[in-house]
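Good morning, and thank you for joining. Please look at the structure on the screen while I take the ligand site and then the aromatic pairs.

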Amino acid sequence: MSKATALAHPNIALVKYWGKRDVALNLPAAPSLSLTLAGMETRTTVEFDASFDSDHAQINGAVLRGPKLARLSDFLERVRQMSGEDRFARIVSENTFPTAAGLASSASGFAALATAATQAAGLELGSEELSVLARLGSGSAARSILGGFVEMRAGERVDGQDSFAVQVADANHWDLRCIVAITAEGEKSVGSTDGMMDTMLTSTFYDAWIAGVYDDMPVARQAILERDFMALATVAERSCLRMHASAIAADPGILYWNPTTVRLIHRIRRARKDGLPVFFTIDAGPHVKVFCEASDRSAVEAILKSTEGVLGTLSTRPGAGVSIG
Ligand code: DP6
């Protein structure tokens, strides 16, 4: 088969990935832990064809050129080297969620691309090998290979073959909701790759941030396995705020938040103090991702929608890993 389609979902990190131990191989400096989300997906088709004289790529109907195309073409080159496939390919990818929502389109994008491209090139990879490959496209993509609660291993090997994601618990383990509060329109100001590079090179808090991740991982894993919402709330907010603190301490400092982001942080903490089990996390952008149990979804949505500056909400739930289809 020289053509294949794959489906992947984005994921949201509860213990954040923010730093690399090897930039060329895109190896994370520390482990991370995430939830793969249903309700949004990337569907990608890859076709190798002898009539193509270069790689082509199209995302949501827009043809890619320049560095964006080069990033995907470099990725296809790895698949060609692994498989012996020597033809160029066409990539056609659609996201069913607004890229402006900052919902890690690179995570679902490279997870779907790794799966579709290897399948189209005739390779049968297991989830660990797929995760290693997806990681080379984007670190967070390694986690979207698997469904539910997922742990990314930093690994120790210089070749990165032990740096892949494994499942902690499947999507049915815990019926959480993650509601995204959209607080701005348009693309984020500093992309995650650039933001984490600046943090690594210039932040006086970077080493302390990385050291703390190793303490957070077992706490988050146990909270998930025991479905202990308050324990997960504590560790996830701590990880998010420490990641942002490390970015704020870069030179010049990187601040992803807008006034609505900060307003939401206070609203959510107040709601929790008033007895509603809820917590927030924020990635490399101004949107706030709010976690709660399924039964509290409407109450949480009402709080987010009534907060000044919130442009809209998107409700998601635990989802599956990549599939062919
Ligand atoms: C803040 O996976 O986008 O979302 O490996 O350079 O492509 P690259 O970075 P990327 O970084 C994600 C950063 C984050 C936190 C997380 O998802 O863990």
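The ligand in this predicted model is surrounded by 18 residues, and the closest are Tyr 17, Lys 20, Ser 138, Gly 139 and Ser 140. By character, the shell divides into six nonpolar, seven polar and five charged residues. Helix H5, residues 192-202, gives the most to this shell, with three residues.

Turning to polar contacts, Lys 20 places a polar side-chain atom 2.5 Å from an oxygen atom of the ligand. For Ser 140, a side-chain N or O atom is 2.6 Å from a ligand oxygen. For Ser 192, the corresponding distance to an oxygen atom of the ligand is 2.8 Å. On its own the ligand has 470 Å² of accessible area, and the protein covers 94% of that.

I now move to the aromatic rings. The count comes to six aromatic pairs. One of these joins Trp 174 and Phe 229 edge-to-face, at 6.4 Å centre to centre with 90° between the planes. Trp 174 lies in the loop between strands E11 and E12, and Phe 229 in helix H7, so this pair ties together parts 55 residues apart in sequence. Both Trp 174 and Phe 229 are buried.

How are the rings of Phe 279 and Phe 291 arranged? They are stacked, because their planes stand at 5°, under the 30 degrees cut-off, with the centres 5.1 Å apart. Phe 279 belongs to strand E13 and Phe 291 to strand E14, 12 residues apart. Phe 279 is buried at 0% relative accessibility, and Phe 291 is buried with a relative accessible area of 0%.

Finally, ring pairs link Phe 149, Trp 174, Phe 229, Phe 279 and Phe 291 into a cluster. Thank you.

Note on methods:
Residues numbered from 1 in each chain as written. Predicted model: local features only at pLDDT ≥ 70, side-chain atom pairs only at ≥ 80, totals over all residues. Heavy atoms only, no water. Phe/Tyr/Trp six-rings, centres within 6.5 Å; stacked < 30°, edge-to-face > 60°. Helix = DSSP H or I, 4+ residues; strand = E, 2+ residues; numbered from the N terminus. Buried < 20%, exposed > 50% of the residue type's maximum accessible area, 1.4 Å probe, protein only. Near = heavy atom within 4 Å. Polar contact = N/O pair within 3.5 Å; in protein donor to acceptor, adjacent residues only side chain to side chain. Areas by Shrake-Rupley, 256 points an atom, 1.4 Å probe, with all protein chains shown as cover. Nonpolar A, V, L, I, M, F, W, Y, C, P; charged D, E, K, R; others polar.
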